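This report describes selected features of the structure shown below. It treats the nonpolar core, two sheets and the surroundings of a ligand in turn.

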Amino acid sequence: AISAQIQRSQSTQSPEPNSLTATQSIQPVLRSDYQPPAYWIDNVELDFDLDPRETLVTARISVRRNAQQSSSTLDLAGENLKLQSVAVDGKRLEQTQYQLRDGGMTLLDLPESCVIETKVLVSPVTNKSLSGLYQTSGNFCTQCEAVGFRRITYFLDRPDVMTTYRVTIRADKQTCPVMLSNGNRISQRDLDDGRHEVVWEDPFPKPSYLFALVAGNLKCHRGTFTTRDCRNVALEIWVEPQNIDKCEHALVSLQKSMKWDEDVFGLQYDLDIYMIVAVNDFNMGAMENKGLNVFNSKYVLALPDTATDEDYMLIEAVIAHEYFHNWTGNRVTCRDWFQLTLKEGLTVFRDQQFTADQTSAAVKRIDDVSGLRAGQFVEDSGPMAHPIRPESYISMDNFYTATVYRKGAEIIRMYHTILGAEGFRRGMDLYFQRHDNSAVTCDDFRAAMADANNVNFDLFDRWYSQAGTPELTVSEAWDAAKGEYALTMTQSYPPLPGGNPGTEGRKPVPLPVRVGLLDAESGEEIEQHGGVVMLQTESETYTFGGLTAKPIASVLRGFSAPVRLRMQRSNQDLAFLMAHDTDSFNRWDAGQTLATKLLLDAATGVKNGEKLKLSQEFSDAFGRVLSDDSVDEAFKALALTLPRESVLGQEMDVIDPDSLHTARQFYRTRLAETFQSELTALYKNLAADGAYKNDQKSINRRRLKNVVLAYLSALETPESVSLVADQFNQADNMTDKQAALSLLANLDVPARDEALTAFYKKYQSDPLVIDKWFAVQAVSSRADTIEQVKQLTTHPDFSVDNPNRVRSLIGAFTQNQVRFHQADGAGYKLLADYVLKIESANPQLAARLVAAFNSYRRFDETRQTQMQNELKRIAEHPGLCKDVHEIVQRALH
Ligand code: 0A1
Ligand code: ZN
């Protein structure tokens with residue numbers, strides 16, 4: 001009977017994990033199908049006998065029938081497990097008492113409560129999907145969100161089943177001196193066969209996706225934090241030994257995050273220990289496992305010589321994000337995966353507010369909105385468009401999207417805008433009061449916000465169920481006789497590719513629109529007319545009286561709602577707002593809008609073979625920003641930067657990457673020529689700062705310096721090339737070095753190859769820096785970039801098993817609009833080849849890469865056909881994994 005069991009279980013292990021065998025279903029999971037579980041779990045004991053090829057996992061789960069259900073049948077999820085035995089209340093089951101099926105096991109005729117014990121074997125070293133238990137740089141590590149726990153043991157692997165865990169780990173003492181899991185270490189002892197054992201207990205009930213285990217040869221950078229209630233928390237950052245000197249920034253970031261959450265939300269940490277582990281192979285940024293976060297090493301390790309200012313900022317933000325999840329995600333979690341934005345939208349909003357408080361709120365807002373427009377807006381207008389709370393999925397891993405995260409955060413921000421900081425805090429307090437230690441829905445969050453403030457948020461439901469980016473069209477009218485100025489606002493949804501859930505019968509959404517009026521003569525704010533208007537219907541007119549002259553309106557200040565603003569404005573009005581708006585976001589946005597108009601005109605000019613001319617209006621405005629000493633350097637850097645090609649492309653009926661690139665390059669060069677002396681002087685001033693410092697002022701100055709250097713580099717004169725090369729050679733920090741290297745990478749000069757060679761040699765042993773080396777070449781605007789990228793895929797340091805490396809070469813290349821969309825289709829072929837190369841080993845990563853084809857309908861017919869053909873080639877690949885299958889099917893639909 002035992003051998004039969006083993007044979008049967010082995011047959012459930014398909015040779016290609018996640019691939020679609022004939023029997024496996026590709027039926028989507030539907031939000032409307034939610035059912036509470038048949039059983040709850042009171043506690044679980046897990047034993048791990050760690051071994052690279054054959055780890056034995058023993059699970060004892062105490063289950064109790066859900067009083068609301070009467071079934072004695074229990075479905076446990078399980079994937080890629082070699083079942084050894086299953087017993088109920090100590091009695092081994094006969095084959096007739098359970099059924100093994102694809103994706104799990106069904107137990108029949110269970111009593112009302114019992115203990116189920118399963119023993120399974122898993123193989124960490126061959127697990128390249130980085131989901132479940134795997135090895136990274138020789139260490140053991142787990143990733144369970146969303147559905148990785150079922151690759152470790154048979155379980156009710158769903159977030160509404162929360163339980164307490166006791167975890168015993170045994171492993172070889174030599175290779176695994178360190179063995180970690182969630183909660184508190186309660187015992188540790190040596191065994192007699194060269195192995196040792198540790199037991200961890202997590203007192204907080206948690207869903208299985210928050211389970212974690214790490215074991216291997218790691219070193220610890222330690223710190224402490226004292227909570228407001230005077231409890232001492234041990235902080236531990238675990239890394240590979242060679243990285244032990246790169247942890248201080250992560251530690252300080254954690255301490256700042258803990259303090260901020262106490263100050264702003266009154267939320268304290270709840271265990272005596274908080275651990276962070278940095279690993280090299282990770283599909284995402286980081287994971288908030290209870291008390292034991294696992295991080296992509298990119299978001300932990302930093303020294304000035306190896307990490308840029310942006311890296312430092314991202315590390316602080318990701319550490320904060322994962323820490324904030326302890327309350328928004330862990331203590332209160334999601335009932336089902338459709339509710340993902342409940343924890344992610346809210347936690348992104350919280351980390352954005354944190355970074356705004358640590359740095360500059362205006363600059364942070366501009367950076368976030370730029371990211372939203374470049375990523376989420378594109379997603380929201382293509383085949384993957386979905387509501388922040390999706391209606392269906394084939395692979396949940398495909399829904400960790402910009403929409404769920406970033407648009408989700410914008411929806412939370414609107415509650416904050418409407419309620420103010422205090423009202424929002426009242427809503428949060430009530431949310432925790434009602435739902436601590438439970439698994440809830442987006443509706444529960446919305447209800448807490450409404451009830452705590454006695455307001456009605458019923459219409460906000462539409463933000464959760466409708467896909468697509470609303471357009472807000474604003475027109476103005478001035479009645480000189482009455483002294484009245486009126487703004488008419490109308491909202492609508494542009495059509496989306498057919499069949500997308502969340503696009504039928506879309507209704508108007510509530511939009512808080514922050515508005516201000518400026519005196520057209522003096523440029524001063526007309527105070528009594530500033531504030532937020534609520535557009536709740538399709539169209540409304542707002543009238544502002546008591547005026548003596550037509551004002552200039554500033555609309556959607558701070559980007560108070562996630563919409564595309566359509567407002568006809570003259571170039572003069574935009575230039576006026578660029579100079580005078582008291583709202584920094586709109587001041588910046590006016591410049592971007594003006595630049596977009598002019599660059600799109602220029603792109604049309606390129607296409608028609610016209611001779612291009614730099615607009616005098618824009619040149620004047622640029623000059624004013626350049627010499628404005630009232631703004632900080634980071635803001636100035638942003639205001640001087642032209643919109644990205646990918647953002648400009650969105651505004652074209654048919655994206656023309658070549659003329660856009662030419663037009664934008666023309667503008668960069670002409671601006672550099674026009675302001676050569678001012679730019680040179682500014683560069684000299686900023687470059688005279690002396691040795692590296694990492695205070696905010698120095699960071700802002702480096703940011704501006706590198707924007708200025710980019711303009712000067714566009715001159716492509718021998719002097720400008722040496723300026724860039726000198727910065728590269730003399731830089732005492734990675735920010736300046738990488739900035740110079742990226743600029744050189746675009747050029748056709750000997751200094752380019754010299755710099756690339758020197759950089760490689762110097763940082764050869766540091767994978768995170770070598771990622772940068774791959775990426776700067778992949779995003780180069782040079783005509784031979786595709787050839788270079790192909791070459792680099794054969795470089796000894798390129799590896800398909802390491803997601804950071806794949807993203808730094810292939811992922812970065814897909815962001816290179818002008819070269820990825822090269823007219824001969826070579827870029828498309830390259831991507832498709834790589835997707836097929838990695839899809840069976842790492843479906844999640846392959847699915848993310850293939851999404852670069854999602855915008856294909858936005859291009860000309862030739863490119864459309866080329867991309868479509870690559871998509872079809874992928875779709876027809878035998879045994880294609882379901883993650884890629886889902887993306888490709890939606891695209892081809
Ligand atoms: N919850 C994490 C993101 C995350 C999601 C899935 C993962 O594996 C497939 C890993 C991490 C966060 O929001 O930070
Ligand atoms: Zn998150």
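## Contacts of V277 and the nonpolar core

In this predicted model, V277 is in contact with L180, V214, L218, W238, L292, V294 and F295, its neighbours within four places in sequence being left aside. The cut-off behind these contacts is 7 Å between C-beta atoms placed from the backbone.

V277 also belongs to the largest nonpolar core, which comprises 247 residues. Together with V300 and V850, V277 touches the most other members of this core. Among the elements of secondary structure, helix α6, spanning residues 402–435, gives the most to the core, with ten residues.

## The antiparallel sheet

Four strands form an open sheet in the order β10-β11-β16-β13, and their pairing is antiparallel. The edges are taken by β10 (132–136) and β13 (178–181), each of which pairs on one side only. From one strand to the next, the twist averages 15°.

Within this sheet, strand β11 (residues 139–143) pairs with strand β16 (residues 213–216) in the antiparallel sense, over two bridges. C141 stands opposite V214 in β16. V214 is also one of the residues in contact with V277.

## The mixed sheet

Strands of a sheet pair through backbone hydrogen bonds, in either a parallel or an antiparallel arrangement. A further open sheet of four strands has mixed pairing and the order β29-β26-β25-β31. Its edge positions are held by β29 (539–544) and β31 (564–567); each has a single partner strand, so one side of each is left without a neighbour in the sheet. On average, neighbouring strands of this sheet are turned by 20° against each other, direction ignored.

Strand β26 (residues 484–492) and β29 run antiparallel and are joined by six bridges. In this pair of strands, Y485 stands opposite F544 in β29.

## The shell around ligand 1

Which residues are the closest to ligand 1? They are Q143, E145, M284, M287 and Y400, within a shell of 15 surrounding residues. Of these, Q143 is numbered within strand β11 (residues 139–143).

By class, the shell holds four nonpolar, six polar and five charged residues. At least two residues of the shell are supplied by each of β20 (286–287) and α3 (309–324).

Terms used. Residues numbered from 1 in each chain as written. Chains lettered and ligands numbered in written order. Predicted model: local features only at pLDDT ≥ 70, side-chain atom pairs only at ≥ 80, totals over all residues. Pairing = 2+ DSSP bridges. Axes fitted to C-alpha atoms, helices over the stretch in contact; angles between N-to-C directions. Near = placed C-beta within 6 Å. Nonpolar A, V, L, I, M, F, W, Y, C, P; charged D, E, K, R; others polar. Core = buried A, V, L, I, M, F, W, Y, C linked by C-beta atoms within 7 Å. Buried ≥ 20, exposed ≤ 12 C-beta atoms within 10 Å, placed from the backbone. Contact = placed C-beta atoms within 7 Å.
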